[in-house]
Amino acid sequence: MALEISPIFAVPFAQDHCPNASILNPFLRKLILEREAEGTRYANPHPSLQQQPGVFESDFNFFSWPEAAVQQLRQFCWSTLARVIADLNGYSATDMDELKINSHTWFHVTRHGGFTILHTHPMASWSGVYCVDPGDVPAERPESGILRFHNPHHYSNYFLDAGNMRFRTPYHHGTWNIRFQAGQLVLFPSWLQHEVMPFYGRNERITIAFNCWFDNREASHP
């Protein structure tokens, strides 16, 4: 039998780029900053995480807004997520038609010093983050505002020596960092631990996030 190396217990992680981001993002940025300026009207009244200075989190209904830019982004995010789910589960078009998506969607505006603590999203299967504006990154703080994912194999680096300390991807230890570009979408399992490192830019870092869970339409409506 020939030698075989397999990535068992792998974590699916998807990325895509919105094809018309250069048109959508200026509208989204203006709209989000206008809504943020209204304060508590659009703020999340019951945040699940401790809110840090420099971070504004909206209520969880962003994709219900009727503005055309919001609805176009919603279509892009949901269609990309559907492609990922169909591929990973081996679902047919008929299988996908039977799924009903449920979601929480919100935006973050992060300014100098703002960050998000390490967390997961219980009671959801998929999460995603879309970047409207990554903000500026000071040359002396390259880690500013990165989205950091933590290796779920918590015991993998308990003992390191020459036999395992330089594993290649996807077997490596430690964290996985995303330096966002405007228009970039990342999708990941909701149980995966992640955080946003402190942002040290002079302007705003603006992202849209969502959690999703699914029902079977026939089971929901017998």
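Select H150 to start: leaving aside neighbours within four places in sequence, this histidine is in contact with L118, G174, T175, L192, Q193 and E195. The model on screen is a predicted one. H150 sits in strand β6, which covers residues 147-150. Is H150 buried or exposed? Neither label applies, because its relative accessibility is 22% and it therefore counts as partly exposed; the cut-off for buried is under 20%. Now add I23 to the selection and draw the C-alpha to C-alpha distance from H150: the two residues are 127 apart in sequence and 33 Å apart in space.

**The whole chain**

Zoom out and colour by secondary structure. Four helices and 10 strands make up the secondary structure of the chain. Their order along the sequence is β-α-β-α-α-β-β-β-β-β-β-β-β-α. The radius of gyration is 19 Å, close to the 17 Å that the globule rule gives for 222 residues, so the chain is as compact as a globular protein of that length. Along the principal axes, the C-alpha atoms fill a box of roughly 65 × 55 × 35 Å.

Switch to a surface view. The chain exposes about 12800 Å², and carbon and sulfur atoms supply 56% of that area. Of the 222 residues, 42% count as buried. For the charges, show the 16 positive and 21 negative ones: their mean positions are 6 Å apart. A contact map can be opened alongside; among contacts with a separation of 6 or more, residues 24 or more positions apart account for 86%.

**Strand β5 and its partners**

Return to the cartoon and select β5, residues 126-133. Eight of the eight residues of β5 are buried, so this strand is largely enclosed by the rest of the structure. β5 pairs with β10 in the antiparallel sense over seven bridges, and with β8, again antiparallel, over five bridges.

Pick G128 within β5. Which residue of β10 stands opposite G128? That residue is F210. In β8, the bridge partner of G128 is L187. Then move to Y130, which stands opposite I208 in β10.

**Strand β10 and strand β3**

Keep β10, residues 205-216, selected and add β3, residues 99-110. How many bridges join β3 and β10? The two strands pair in the antiparallel sense over 12 bridges. To place the pairing on screen, label I101, which has F214 of β10 opposite.

**Helix α2**

Leave F214 labelled and select I85, found in helix α2 (residues 68-89). F214 is one of the residues that I85 touches once those up to four places away in sequence are set aside; the others are Y91, M96, L99 and W126. I85 has a relative accessible area of 5% and is therefore buried. A C-alpha to C-alpha distance drawn from I85 to M96 comes to 8.6 Å, for a separation of 11 residues in sequence.

**The loop after β8**

Finish at S190, in the loop between β8 (184-189) and β9 (194-196). Is S190 buried or exposed? S190 is buried, because its relative accessible area is 0%. Show the residues around S190: beyond its neighbours within four places in sequence, the contacts are T120, H121, A124, S125, W126 and S127. W126 is also on the list of residues touched by I85.

Conventions:
Residues numbered from 1 in each chain as written. Predicted model: local features only at pLDDT ≥ 70, side-chain atom pairs only at ≥ 80, totals over all residues. Heavy atoms only, no water. Rg over C-alpha atoms; globule rule 2.2 N^0.38 Å. Buried < 20%, exposed > 50% of the residue type's maximum accessible area, 1.4 Å probe, protein only. Contact = heavy atoms within 4.5 Å. Areas by Shrake-Rupley, 256 points an atom, 1.4 Å probe, with all protein chains shown as cover. Lys, Arg positive; Asp, Glu negative; His and termini not counted. Charge placed at Lys NZ, Arg CZ, Asp CG, Glu CD. Pairing = 2+ DSSP bridges.
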